[in-house]
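Thank you all for coming. I would like to walk you through one structure this morning, a little at a time, and I will pause on a few places along the way.

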Amino acid sequence: MRTLYVIPARGGSKGIPHKNIRPLGGIPLIGYSVRVARELADDRDICVSTDDPEIAATVENMGLKVPFLRPAELATDKSGTYEVLLHALDFYASQGIDYDVIVLLQPTSPFRRADDVRRAMALYTPDIDMVVTVKEAASNPYYNCYETDADGFLHISKGEGDYTRRQDAPKVWEYNGAVYVINTHSLRQMPLGQFRRRVMCEMDARRSVDLDTEIDWLVAEKLIENGILDE
């Protein structure tokens, strides 16, 4: 199977301005994902998809060529990952290169390791849509997630509310945003959210930090400073 590693990096981040090139532990954030991708693939099979010349320059200073600048219509707040991935596939197809699998590495997951990607890829088979990394969800719909009914009263989201201890409730999972191993045939048929044949790959909560806000960034800095990721 031919695999394309895609690192999407839009320039107009609002939650953490310029986050993709902001130094974290002395390294531009996007550098963490580039480093992991390079442990797994040749540079020719790594695509940083960005609309931002400054991000492109940062990546090329690492020695990795950026194959294109993403068009403006794929660089807005409303631009979806689905369209960005299709754009990358179409670009390489126009060069006569077709990929069977995309590995999506979002720059906001700096603590994923190459081994996390390898474990996810080992679970992939061509008869599924996607392998995705997850962590155990912080909230559980059987235990401490509630909805309001027509009268405005709270009721448990799932089940009958019989669980009095969190550890007795069924485990639930949330995407951690670190690794997506995607069947390109499935991707050309439907967006990621419509996939039905999804397989999970669990990751450690410490390495599942996803940088979306300044608070997330502070947590990441403390993890690095205190050497918690090395434990």
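Let me begin with N20, which has a relative accessible area of 5% and therefore counts as buried, since the cut-off for that word is under 20%. I should say straight away that what you see is a predicted model, so please hear every value as computed from that model. N20 is placed in the loop between β1 and β2, and if we leave aside residues up to four places away in sequence, it touches A9, R10, P28, L29, I30, I55 and P107. In that loop between β1 and β2 you will also find H18, and the phi angle of H18 is near 55 degrees, which is a positive value in a residue other than glycine.

Now let me step back to the protein chain as a whole, which has six helices and 10 strands. Its radius of gyration is 19 Å, close to the 17 Å that the globule rule gives for 231 residues, and so the chain is as compact as a globular protein of that length. Measured out along its principal axes, if I may put it that way for a computed value, the C-alpha trace spans about 55 × 40 × 35 Å. Of the 231 residues, 44% count as buried, and when we take the contacts with a separation of 6 or more, 72% of them are between residues 24 or more positions apart.Turning to the sheet, which strands take part, and in what order do they lie? Six strands form an open sheet with mixed pairing, in the order β4-β1-β5-β9-β6-β10. At the edges stand β4, residues 46-50, and β10, residues 198-202, each with a single partner strand, so that one side of each is left without a neighbour in the sheet. From one strand to the next, the twist averages 30 degrees.

Within that order, β5, residues 101-104, pairs with β9, residues 173-183, in the antiparallel sense over four bridges, and L104 stands opposite Y180 in β9. Packed on the sheet is helix α3, residues 81-94, which touches β1, β4, β5 and β9, and the direction of α3 makes about 130 degrees with that of β1.

On the other side of β9 in the strand order we come to β6, and here I would like to slow down. The antiparallel pairing of β6 with β9 runs over six bridges, whereas β6 and β10 run parallel and are joined by five bridges. V131 shows both pairings, for its bridge partner in β9 is V181, while its bridge partner in β10 is V199. Is β6 enclosed or open to the outside? Five of its seven residues are buried, so β6 is largely enclosed by the rest of the structure.

Leading into this strand is the loop between α4, residues 114-122, and β6, residues 130-136, and that loop is the place of Y124. At 8% relative accessibility, Y124 counts as buried, because the cut-off is under 20%. Which residues does Y124 touch, once those up to four places away in sequence are set aside? They are M1, D100, V101, V131, V181 and N183, and two of these names, V131 and V181, are the bridge partners I mentioned a moment ago. The C-alpha atoms of Y124 and I182 are separated by 8.5 Å, although these residues are 58 residues apart along the chain.

Let me set beside that a pair for which the distance is given in the same way, namely Q194 and L229, which are 35 residues apart in sequence and 34 Å apart in space, C-alpha to C-alpha. Q194 is placed in the loop between α5, residues 184-187, and β10, and at 45% relative accessibility Q194 counts as partly exposed.

Finally, a few words on the aromatic rings, of which a search of the whole structure finds five pairs. In the pair formed by Y92 and Y99, the ring centres are 5.6 Å apart and the planes stand at 90 degrees, so the pair is edge-to-face. Both Y92 and Y99 are buried, and ring pairs link them with F68 and F91 into a cluster. One further ring deserves a look, that of W217, because R22 lies over its face, at 4.5 Å from the ring centre, which is inside the 6 Å limit for a charge over a ring.

How values were computed: Residues are numbered from 1 along each chain as its sequence is written. This is a predicted model: local features need pLDDT of at least 70, side-chain atom pairs count only at pLDDT 80 or more; totals for chains, interfaces and linings use all residues. Side-chain values use heavy atoms; hydrogens and water are left out. Two strands pair if DSSP finds at least two bridges between them. Helices (H or I, at least four residues) and strands (E, at least two) are DSSP runs, numbered from the N terminus. Axes are lines fitted to C-alpha atoms, for helices over the stretch in contact, and angles run from 0 to 180 degrees between N-to-C directions. Contact means heavy atoms within 4.5 Å. Rings of Phe, Tyr and Trp (its six-membered ring) pair if their centres lie within 6.5 Å; planes under 30 degrees apart count as stacked, over 60 as edge-to-face and the rest as tilted. Buried means under 20% relative accessible area, exposed over 50%, partly exposed in between (1.4 Å probe, protein chains only). A charge sits over a ring if NZ of Lys or CZ of Arg is within 6 Å of the ring centre and within 35 degrees of the ring normal. The radius of gyration is taken over C-alpha atoms; the globule rule is 2.2 Å times the number of residues to the power 0.38.
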